[in-house]
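Here are some exercises to work through with the coordinates open in your favourite viewer. Try each task before you read its solution.

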Amino acid sequence: VLVSAALSFSAAVRNFSHRALGWKPAGLFTGVMQIPFDHFKTDPDKAGHIRALLDKLGRIPGVDRASISEMVPLYGWPTQKRIVIEGAAPLPSGQEPLAFLSAVDGGFVTTLKIPLKEGRFLPDTFTERDSLGVVINETMAKLYWPGQSAIGKRVKVAGEEKWNEVIGVVGDVTMPINFSTPASRLQIYCGLQQQLGIWYNFVLKSDLPPNALIKPVR
């Protein structure tokens, strides 16, 4: 019985480690940074600082691309929100579908090589107009708009007034270190300016060994 259980577990771990992730972790260098809570008095100031950081990271010798996001797809999606789909039958409060919402910069999918299935990704600018668009994953598009384009459809966070237009659809992303079943298969990406906080992840695409990047990044 013990041998059988061990073999079954080994097979499960092997299948888990070789499953499709939907993104390419090879050559990525990641880290976490915190912006002082009271250093920037307005959101435009904070957004400008993030853009300056992104520019500096991208100019490090040997770095091909740089991105800043609320999270990176390793352990899980930190922000979970209940959402409302425009045109869908209304549901009681607290029973709306749950989605993982991640704030990212415009180059995030290119840096991680997440495939674009339809439409376009978020712009690189940080304007209020850009805040109206979101990108969703393929599973969400097929679930709510089967057999038709999801582009132009609208979704919002439950309890909020602002509707967000779907401008793009990307492939599903899997968390390689999360053994448990995710709370939701719905994934939404919005611009960083929609969720300005103090904790951010940066992702660098480079062929350099990680040790060579630690000092210049710091």
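The exercises below go from charged pairs to single residues.

Before you start, note that this is a predicted model, where local features need pLDDT of at least 70, side-chain atom pairs count only at pLDDT 80 or more, and totals for chains, interfaces and linings use all residues. Residues are numbered from 1 along each chain as its sequence is written, and side-chain values use heavy atoms, with hydrogens and water left out.

**Exercise 1. Salt bridges**

Find how many salt bridges the structure holds, and describe the partners of each.

Solution. Start with the criterion: a salt bridge is a side-chain nitrogen of Lys or Arg within 4 Å of a carboxyl oxygen of Asp or Glu. With this rule, the structure holds three salt bridges.

Step 1: take Asp55 and Arg59, whose closest N and O atoms are 2.9 Å apart. To grade accessibility, use relative accessible area (1.4 Å probe, protein chains only): buried is under 20%, exposed is over 50%, and partly exposed lies in between. Asp55, at 41%, is therefore partly exposed, while Arg59, at 56%, is exposed.

Step 2: move on to Glu86 and Arg154, whose side chains form a salt bridge with an N to O distance of 2.8 Å. This pair links distant parts of the chain, 68 residues apart: Glu86 sits in the loop between strand S3 (80–85) and strand S4 (98–104), and Arg154 in strand S7 (residues 154–157). Helices (H or I, at least four residues) and strands (E, at least two) are DSSP runs, numbered from the N terminus. Glu86 is partly exposed at 38%, and Arg154 is partly exposed too, at 32%.

Step 3: finish with Lys142 and Glu138, where the closest N and O atoms are 3.6 Å apart. Lys142 and Glu138 are separated by about one helical turn because they are four residues apart in helix H4 (residues 138–144). Lys142 is exposed at 57%, whereas Glu138 is partly exposed at 24%.

**Exercise 2. A backbone angle**

Work out where Lys113 is placed and what its phi is near.

Solution. First locate Lys113: the residue lies in the loop between helix H3 (108–112) and strand S5 (116–119). Next read its phi, which is near 55°, a positive value in a residue other than glycine. For context, most residues other than glycine have a negative phi.

**Exercise 3. Two residues of one strand**

Decide whether Asn201 is buried or exposed, and do likewise for Ser206; then list what each one touches.

Solution. Step 1: Asn201 belongs to strand S10 (residues 199–206), and its relative accessible area of 14% makes it buried. A polar atom of the Asn201 side chain lies 3.1 Å from the backbone oxygen of Glu70. Contact here means heavy atoms within 4.5 Å. Leaving aside neighbours within four places in sequence, the contacts of Asn201 include Gly31, Val32, Ser67 and Glu70.

Step 2: Ser206 is also found in strand S10 and is buried, with a relative accessible area of 3%. A polar atom of its side chain is 3.0 Å from the backbone nitrogen of Leu208. Not counting residues up to four places away in sequence, Ser206 touches Gly27, Gly62, Val63, Asp64 and Leu213.

Definitions and conventions: Polar contact = N/O pair within 3.5 Å; in protein donor to acceptor, adjacent residues only side chain to side chain.
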